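The following exercises are to be worked with the sequence and the coordinates at hand. Each task is followed by a stepwise solution.

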Amino acid sequence: MAILSQVFLALVAASVVLGQAQPWGQCGGQGWTGATTCTSGWTCVVSNQYYSQCLQGSATTTTTAATPPPVSTSSSSTSVSTTTSASPPTGSAPSKGMIGTDFEGTIDSSWGVIVTAQSGGSATVDTTKAHSGSHSLKVVSTGGFSNHIFYGLSNLSALGGGSDIYGRYYANFMNAFTQDHITHMMMTDPVAQTLRMGGQFGVLDWNRASDDSIMPDGSPDSNAGSIAIAANTWYCIEFHLSKSSGQIQTWVNGNVVPSLTTPQSRWGSSYIPNPSNWGLGWESYGSAPNTIWYDDIALGTSRLGC
């Protein structure tokens, strides 16, 4: 991300003093408890029922629909067209500490396909299903390891290198999770090789590529502490990774998932996650095809909530 200008820093400082939201920062939305007004010259604009943002300009009471993001028309089905714009995209705050998108406006160039399918699979902006607004990211995989694809951030520099990483995204799976082992969220990690969230035995789980260890361990008792993923249902999935204590936390629809929270006997605090990138997609280690819609995705340094 570009270095913030001195003018921008001055605006941020002023907003903190006055108890107002920062330029491009969140200023409203369902469950929001922070500032609801913006610093001078910036207006709190409603993006959707979950997110309002400080944008530059005069106050208005209504907003017009954002222009749909351009979709690649090339023969490759594994890329989403991205365009850099002078002002931040709707639903995004690309300052240090938080970055996200709801796919309603021009997508910031920091987002894109980070793992490309070897033989098939696609990631495209779609209008057939959305959690909010009218656009979402649609990922299609025909199943099998070589057909994986992941879309996200090639690096996490926008978060400023702190000790805590929080994530939040909405996901809708065409097919329910089966007994097959799959991944829908991945992060490159120096110890785990790839730290992954996905499913096995029909429930949500974490997995480390280095030793193929899953959390929970797959026993009936531990699986009962996770959550089964059904078809055609929107899930709000949140996670927290601590690079200081090794803690991993997971929430679904605002509720903690006990068997996906450490430290505990499965992984404990000896494993310290330190991801360098982050992506959403689909990877099957058996023959489980799926189509997934992702929406309202965000990473930050504090819990983002649903």
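**Exercise 1. Determine what share of the chain is buried, and describe its contacts and surface.**

Step 1. Of the 306 residues in the chain, 50% are buried (under 20% relative accessible area, with exposed over 50% and partly exposed in between; 1.4 Å probe, protein chains only). The model is predicted: local features need pLDDT of at least 70 and side-chain atom pairs count only at pLDDT 80 or more, whereas totals for chains, interfaces and linings use all residues. Residues are numbered from 1 along each chain as its sequence is written, and side-chain values use heavy atoms, with hydrogens and water left out.

Step 2. Among contacts (heavy atoms within 4.5 Å) with a separation of 6 or more, 66% involve residues 24 or more positions apart.

Step 3. The chain exposes about 12,800 Å², of which carbon and sulfur atoms supply 53% (Shrake-Rupley method, 1.4 Å probe).

**Exercise 2. Identify the residues that touch the most other members of the largest nonpolar core.**

Step 1. A nonpolar core is a set of buried Ala, Val, Leu, Ile, Met, Phe, Trp, Tyr and Cys residues joined through side-chain atoms within 4.5 Å.

Step 2. The largest core has 48 residues, and Y169, M185, W206, F239, W278 and Y294 touch the most other members. A second, separate core of five residues includes A21, C27, C38 and C54.

**Exercise 3. Establish the strand order of the open seven-stranded sheet, and locate S213.**

Step 1. The chain has two helices and 18 strands (DSSP runs numbered from the N terminus: H or I of at least four residues for helices, E of at least two for strands).

Step 2. The order is β5-β8-β17-β10-β11-β12-β13, with antiparallel pairing (two strands pair if DSSP finds at least two bridges between them). The edge strands, β5 (111-115) and β13, each pair on one side only.

Step 3. Within this sheet, β11 (residues 193-200) and β12 (residues 203-208) run antiparallel and are joined by six bridges; L195 stands opposite R208 in β12.

Step 4. S213 belongs to β13 (residues 213-215). S213 counts as buried because its relative accessibility is 11%. Leaving aside residues up to four places away in sequence, S213 touches W206, N207, R208, R266 and W267.

**Exercise 4. Decide whether the two faces of β4 are covered or open.**

Step 1. In a regular strand, side chains alternate between the two faces of the sheet.

Step 2. In β4 (residues 98-101), M98 and G100 lie on one side and I99 and T101 on the other; all are buried, so both faces are covered.

Step 3. Four bridges pair β4 with β18 (residues 290-300) in the antiparallel sense, and G100 stands opposite A298 in β18.
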